[in-house]
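Q: Got a structure here I'd like to go through. Can we start with the cysteines and then move on to the pockets?

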Amino acid sequence: MSERPRAAIVVTGSELVRGERTDRNGPFLAAEALRLGVEPARITIVGDRPEDLRAAFADGLDADLMLVSGGLGPTHDDRTVELVAEAVGVPLVVDPELERQIEQVSRTVADRLRRPYADFAPGVQKQATLPEGALTLGLAGTAPGIVLDAGECAVVILPGPPGELQRLWPRALEAAPVQRVLARSQPPARRVLRLFGVGESSVARALAEAGGDGDGVEATICARDFEIHVDLLAAPGAESRAEDLAGRLKSELERYVFAEDEQRIEEIVLELCRERGLTLAAAESCTGGLVAARLTSVPGASEVFRGGVVAYDDGVKQRELDVPGDMLRRYGAVSAEVAAAMADGARMRLGADVAVAVTGVAGPGGGTPEKPVGLVFLHAAGPDGSRDVRFELPGERDWIRSRSTVAALHLVRRLLTRSRHEVG
């Protein structure tokens, strides 16, 4: 698959280099390139220093497609456009129509902030200044998307905010220089398997025993919280081998496979509830609302999800979830008994058919020899019964909380599908 066109992704912003923010644009652009049959050769995250940007853009022009995000704002440190133009060797020119569009947006902002437009005018002209010959993709906010034909390389420049970048991305794909690259690409056939409750090494061993990758099939195994994601990409002519490999792998690990597509576990849980006409609620202690956050990230979740109670304090567990005080004193807040009582309380208080509860010691403090950091109890209850699980998770606080959240959602899935699989 090395003969595919190659993409170099350059993500700009000193705040990313300093670790103040996490890059979301690089992974999005790489996944999109791969989907379109373009090999993502590298993702470069670079700060705002001109010398660093120059080096990154010069390297990116060696690819068939250079995808750049960030540095399109009105301030002095937004240098992407001028330095890309320098790297390509073309002058900068003001686009009058683009300037008019940005001015219109900026005047609205100025009026809202009760500031004179003169404060915005220099930035407006700066954002309307493009490499000669560049195509504009319209605005997201006040920042334009830009496509530039650089000979052997097509350059796409998009705003840094992920929402703005993703809004302009479909327009970039329609631009002639990008279409020229895509004409030489062939999207790979792709098979995916999503597994839960099995270790990465076990999946790797099963993959090897099934024949492994190679011969036109590229396999990746990625551990994400408690889940294992297997992706098989097949070059033209290798589709049947990828299909056979996926079938063998699924047969060997069938009890762990929960999806063969890109659906997230929260989407699957909501869909299962919707299919059965069930409503859902959550009662959370150590996860602090993360289960509810995952569920409500799905559009249309309100059709199923009633709500959640974050019962961090024992008094809240008693008042809002009807957990008996003597139960808390006898077993402690981190116990199977309290997890079950929390789930039952959430069902009753929130009027839900199904509820899931999480209670545990997320750390770094608060652990004891009997109940160490990482000890978590989950309980899911519904009309057809209940399921519970106890596990101890190594790692730091955020890791424990995120894994507990994923495990809670899978526990609901298992309850609704009556799977025999238990969390390992």
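Q: How buried or exposed is C222?
A: In this predicted model, C222 is partly exposed, at a relative accessible area of 31%.

Q: And C286, buried or exposed?
A: Buried: C286 has 3% relative accessibility, and the cut-off for buried is under 20%.

Q: How many disulfides turn up in the whole structure?
A: The search of the whole structure gives zero disulfides.

Q: OK, pockets. How much space is in the largest pocket?
A: About 950 Å³.

Q: Which residues lie nearest its centre?
A: R190, R194, R224, H229 and E262, out of 25 residues that line the largest pocket.

Q: Which elements give two or more residues to that lining?
A: Helix 2 (25-35) does, along with strand 2 (39-46), strand 9 (189-196), strand 10 (217-224) and strand 11 (227-234).

Q: How does the lining divide into nonpolar, polar and charged?
A: For the largest pocket, 13 lining residues are charged, nine are nonpolar and three are polar.

Q: Now the second largest pocket. How much space there?
A: About 480 Å³. The second largest pocket has 29 lining residues, and E15, R21, G70, G160 and P161 lie nearest its centre.

Q: Which elements give two or more residues to that one?
A: Strand 1 (6-12), helix 1 (14-17) and helix 7 (162-174).

Q: And the nonpolar, polar and charged split for the second largest pocket?
A: Its lining has twelve polar residues, nine nonpolar and eight charged.

Conventions:
Residues numbered from 1 in each chain as written. Predicted model: local features only at pLDDT ≥ 70, side-chain atom pairs only at ≥ 80, totals over all residues. Heavy atoms only, no water. 1 Å grid on protein atoms, 1.4 Å probe; cavity = no way out; pocket = protein on both sides within 12 Å on 5 of 7 lines; lining within 4 Å. Points joined across faces, edges and corners; volume = space filled by probe spheres on them. Helix = DSSP H or I, 4+ residues; strand = E, 2+ residues; numbered from the N terminus. Nonpolar A, V, L, I, M, F, W, Y, C, P; charged D, E, K, R; others polar. Disulfide = S-S within 2.5 Å. Buried < 20%, exposed > 50% of the residue type's maximum accessible area, 1.4 Å probe, protein only.
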